[in-house]
Amino acid sequence: MNSFTAADCEYMARALQLARLGVYTAHPNPRVGCVLVKDGKIVGEGWHRKTGEAHAEVAALEDAGANASGATTYVTLEPCSHQGRTPPCADALIAAGVADVVAAMVDPNDKVSGNGHSALEGAGISVRTGLMQEEAAALNEGFLSRMQRGRPLVRLKIAASLDGRTAMANGESQWITGAAARDDVQRLRAASGAVMVGIGTVLADDPGLNVRRDDLDNDGMQPLRVVLDSNLQMPASARMLSLPGATLVLGTQDSERSVLEAAGASVQLVDEHDNGVDLTAVMSKLADLEINDVLVEAGPTLAGSILASDLVDELVIYQAPHIMGSESRGMFTTPNWRKIDQRLNLEIVDVRKIGTDLKITARPDR
């Protein structure tokens with residue numbers, strides 16, 4: 001059992017703080033921070049900013065220079081031991097002569113898991129693991145989901161009135177929530193590898209699905225826009241196709257494929273299920289595309305389907321302080337649940353006020 005001091009906790013907390021700087025830019029890689037400490041002082045810091053750029057350990061080593069020799073390394077994820085887009089970090093730490101390594105958690109990637117630590121120990125470097133593991137895992141839930149479950153983390157976002165309505169009977173829905181809540185959604189988008197909607201939302205609202213906040217340090221990155229469109233009904237004039245970033249249309253037949261591809265969309269086919277796309281196959285496809293986190297911004301039909309498919313990991317509900325009435329549209333179109341024991345139980349993990357609205361974060365109680 002590893003033991004850790006108060007100083008160890010302080011330095012790992014700093015490494016986690018650095019890792020969070022990559023929340024909008026590191027994907028599909030994990031968000032990782034690193035701190036080098038020598039003689040009780042921080043001599044180097046780094047974080048992984050973007051795929052293809054230096055990993056956190058290498059950035060910290062460059063910051064420390066010669067002071068890296070004999071230092072203790074605090075890193076939020078096991079140093080990689082394989083050649084990917086960049087050289088192995090474990091080798092860099094060995095070459096720099098660090099004395100020991102404290103890692104928050106083992107890397108769930110099969111190419112790395114345990115191998116980085118073994119390489120370090122083989123070079124005579126002491127390794128301790130498990131400090132602030134839960135915090136490190138929470139920072140990379142999507143990456144862990146893709147590595148361990150073969151699918152991204154799925155976050156379902158809904159804007160609703162106090163009586164749980166998402167649109168008037170005629171489809172009018174702009175705007176249910178206030179400006180502050182809509183700005184907060186931009187953060188969710190920026191932190192996601194993909195934003196997903198159904199074709200019904202595209203035809204009704206012609207959304208852009210892009211990040212529209214200049215104050216977010218996202219380096220201009222845009223999430224992949226994913227449209228579930230079984231029969232490829234999406235018009236070539238759809239607004240999102242003219243915006244920066246990529247759009248992926250997933251369907252079950254390719255009758256209009258060439259038209260959409262000519263308009264700039266990528267079109268791929270997936271299996272059919274219940275007259276629509278197979279949602280499990282969709283998630284597998286997105287995992288293959290290295291998507292860690294999917295933000296679903298759906299109408300009641302897709303929201304109900306993805307919920308009933310047991311694919312939702314988290315619900316984020318922005319609830320506005322008004323009543324829209326019994327004839328307006330609800331949040332979910334679900335199976336015909338007749339008994340109370342068929343209901344889906346949720347655990348509310350956070351409630352906070354965003355402007356004039358409430359933001360409720362909940363997770364299925366599995």
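**Notebook: two sheets and some residues**

I began at the hairpin of S17 and S18, where two residues sit between the strands and glycine 355 takes a positive phi near 65 degrees. The model I am reading is predicted.

I then looked up how the two strands of that hairpin pair. S17 and S18 run antiparallel, with eight bridges. For glutamate 347, I found arginine 363 as the bridge partner in S18.

**Entry: the nine-stranded sheet**

I traced the sheet that holds this hairpin. It is an open sheet of nine strands, in the order S11-S10-S9-S8-S14-S6-S15-S18-S17, and the pairing is mixed. Strand S11 (266-269) and strand S17 (346-354) are the edge strands, each pairing on one side only. I noted an average turn of 25 degrees between neighbouring strands, direction ignored.

At the S11 edge I checked the pairing with strand S10 (residues 247-251): the two strands are parallel over four bridges. Valine 249 has valine 267 as its bridge partner in S11.

Next I looked for helices on this sheet. Helix H7 (residues 179-190) packs on the sheet and touches strand S6 (153-161), strand S8 (194-198), strand S14 (293-297), strand S15 (314-320), S17 and strand S18 (357-364). The direction of H7 makes about 165 degrees with that of S15. Helix H10 (residues 279-288) lies across S6, S8, strand S9 (224-228), S10, S11 and S14. I recorded about 160 degrees between H10 and S9.

**Entry: two residues of S18**

I picked aspartate 357 and threonine 361, both to be found in strand S18.

Is aspartate 357 buried or exposed? Aspartate 357 has a relative accessible area of 2%, and the cut-off for buried is under 20%, so I list aspartate 357 as buried. Leaving aside neighbours within four places in sequence, I found aspartate 357 in contact with Thr177, Gly178, Ala181, Gln319, Ala320, Pro321 and Arg352. Thr177 stands 180 residues from aspartate 357 along the chain, yet their C-alpha atoms are separated by 6.7 Å.

Threonine 361 is also buried, with a relative accessible area of 9%. Not counting residues up to four places away in sequence, threonine 361 touches Glu314, Leu315, Val316, Glu347, Ile348, Val349 and Asp350.

**Entry: a surface patch**

I looked for nonpolar side chains on the surface. Trp337, Leu344 and Leu346 form a patch there, with about 260 Å² of accessible area together. I followed up leucine 344, which lies in the loop between strand S16 (329-330) and S17. Leucine 344 has a relative accessible area of 37%. This value falls between the cut-offs of 20% and 50%, so I list leucine 344 as partly exposed.

**Entry: the five-stranded sheet**

I turned to another open sheet, made of five strands in the order S2-S1-S3-S4-S5 with mixed pairing. Why is one side of S2 and of S5 left without a neighbour in the sheet? Strand S2 (41-47) and strand S5 (126-129) stand at the edges and each has a single partner strand, so the other side stays unpaired. From one strand to the next, I noted an average twist of 15 degrees.

Inside this sheet I checked strand S1 (residues 33-38) against strand S3 (residues 72-75), which pair in the antiparallel sense over four bridges. Leucine 36 has threonine 73 as its bridge partner in S3. Helix H4 (residues 115-122) packs on the sheet and touches strand S4 (100-103) and S5. I recorded about 150 degrees between the directions of H4 and S5.

Technical notes
Residues numbered from 1 in each chain as written. Predicted model: local features only at pLDDT ≥ 70, side-chain atom pairs only at ≥ 80, totals over all residues. Heavy atoms only, no water. Pairing = 2+ DSSP bridges. Axes fitted to C-alpha atoms, helices over the stretch in contact; angles between N-to-C directions. Contact = heavy atoms within 4.5 Å. Patch = residues over 30% accessible without salt bridge, like charges linked within 9 Å, V, L, I, M, F, W, Y side chains within 5 Å. Areas by Shrake-Rupley, 256 points an atom, 1.4 Å probe, with all protein chains shown as cover. Salt bridge = Lys/Arg side-chain N within 4 Å of Asp/Glu carboxyl O. Buried < 20%, exposed > 50% of the residue type's maximum accessible area, 1.4 Å probe, protein only.
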